[in-house]
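Here are some worked exercises to try with the viewer open. Have a go at each task before you read its solution.

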Amino acid sequence: MNKDGIKRLTEFVVEHSAQTKILMGDVTIAIETFMSDHEKSKELESFWMRTIVRNLAALVEGYSNLVKGLTLHIADAREIVISPADRMILEANQVQVTAKGEAKPGKMKIPTTVNLQFAINALAKIAGDSNLVIDKNSKGWKSLEKIIEIRHQITHPRNSKEMN
């Protein structure tokens with residue numbers, strides 16, 4: 001392992017630990033507030049349920065980015081070669097061509113569950129651990145898919161019924 005790579009990995013872990021703590025705190029506060037306030041009114045109950053769903057989705061997206069970043073930093077520290085395609089996705093980079101025919105960097109938009117699965121698969125690949133897999137038939141995965149579906153409905157509602 002190279003020392004510079006280990007230093008960058010350590011800095012990354014410290015920064016993202018703080019980010020994860022904030023996201024987890026948001027989820028915890030939303031759940032605690034919902035549990036204490038939800039009987040006050042139907043509007044408050046719906047508001048806190050939407051807040052919990054949005055915060056859970058943000059936590060999963062943050063976790064996916066953490067795993068992708070860890071994968072990159074571990075690979076670099078251990079001098080493991082990552083394919084250009086995998087590196088592009090791990091870095092969430094995409095090149096777009098403008099109307100003027102010029103290349104412009106952009107950010108990839110990958111669906112949350114696909115992004116998480118890619119992150120776990122990439123980490124398993126560099127770690128050489130074939131047991132690190134997502135069971136898409138598990139109750140946890142099905143719950144995550146439902147949370148993302150609900151988050152999509154409340155973020156992009158077609159009518160007011162989808163927001164409750």
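**Exercise 1. Find the residues of the largest nonpolar core, and say which helices supply them.**

Keep in mind that you're working on a predicted model.

Step 1: list the members. The largest nonpolar core is made of nine residues, namely A57, V60, V67, L116, A119, I120, W141, L144 and I148.

Step 2: place them on the fold. At least two residues of this core come from each of helix 2 (42-77), helix 4 (112-127) and helix 5 (139-155).

Step 3: check for another core. There is one, apart from the nine-residue set, and its seven residues include A75, L90, A122 and I126.

Step 4: zoom in on one member. Skipping neighbours within four places in sequence, L116 is in contact with V60, Y63, S64, I134, W141 and L144.

**Exercise 2. Describe the overall layout of the protein chain.**

Step 1: count the elements. The protein chain has five helices and two strands.

Step 2: put them in order. Going along the sequence, you get α-α-α-β-β-α-α.

Step 3: get the dimensions. The C-alpha trace spans about 55 × 40 × 30 Å along its principal axes.

Step 4: look at burial and contacts. The protein chain has 164 residues, and 32% of them count as buried. Take the contacts between residues at least 6 apart in sequence: 59% of these join residues at least 24 apart.

Step 5: turn to the surface. About 10800 Å² is exposed by the protein chain, with 58% of that coming from carbon and sulfur atoms.

Step 6: tally the charges. The protein chain carries 23 positive and 20 negative side chains, and 4 Å separates the centres of the two sets.

**Exercise 3. Search for aromatic pairs and classify what turns up.**

Step 1: run the search. Across the whole structure, one aromatic pair is found.

Step 2: decide what to compute. A pair of aromatic rings is described by the distance of the centres and the angle of the planes.

Step 3: plug in the values. For F47 and W48, the centres are 4.9 Å apart and the planes make an angle of 75°. Planes over 60 degrees apart count as edge-to-face, so F47 and W48 form an edge-to-face pair.

Step 4: compare the partners' exposure. F47 has a relative accessible area of 34%, so it's partly exposed. W48 comes in at 16% relative accessibility, so this one counts as buried.

**Exercise 4. Is D86 buried or exposed, and what does it touch?**

Step 1: locate the residue. D86 sits in helix 3 (residues 84-90).

Step 2: apply the cut-off. Buried means under 20% relative accessible area. D86 has 16%, so it is buried.

Step 3: list its contacts. Not counting residues up to four places away in sequence, D86 touches F118 and K125.

**Exercise 5. Work through two loop residues, E79 and E91.**

Step 1: start with E79. This residue is in the loop between helix 2 and helix 3. Its phi is near 60°, a positive value in a residue other than glycine. At 59% relative accessibility, which is over the 50% cut-off, E79 counts as exposed.

Step 2: move on to E91. You'll find E91 in the loop between helix 3 and strand 1 (93-97). Its relative accessibility is 32%, so E91 counts as partly exposed.

Step 3: see what surrounds E91. With neighbours within four places in sequence left aside, E91 is in contact with L72 and K107. The C-alpha atoms of E91 and M108 are separated by 9.0 Å, although these residues are 17 residues apart along the chain.

Technical notes: Residues numbered from 1 in each chain as written. Predicted model: local features only at pLDDT ≥ 70, side-chain atom pairs only at ≥ 80, totals over all residues. Heavy atoms only, no water. Helix = DSSP H or I, 4+ residues; strand = E, 2+ residues; numbered from the N terminus. Buried < 20%, exposed > 50% of the residue type's maximum accessible area, 1.4 Å probe, protein only. Contact = heavy atoms within 4.5 Å. Areas by Shrake-Rupley, 256 points an atom, 1.4 Å probe, with all protein chains shown as cover. Lys, Arg positive; Asp, Glu negative; His and termini not counted. Charge placed at Lys NZ, Arg CZ, Asp CG, Glu CD. Phe/Tyr/Trp six-rings, centres within 6.5 Å; stacked < 30°, edge-to-face > 60°. Core = buried A, V, L, I, M, F, W, Y, C linked by side-chain atoms within 4.5 Å.
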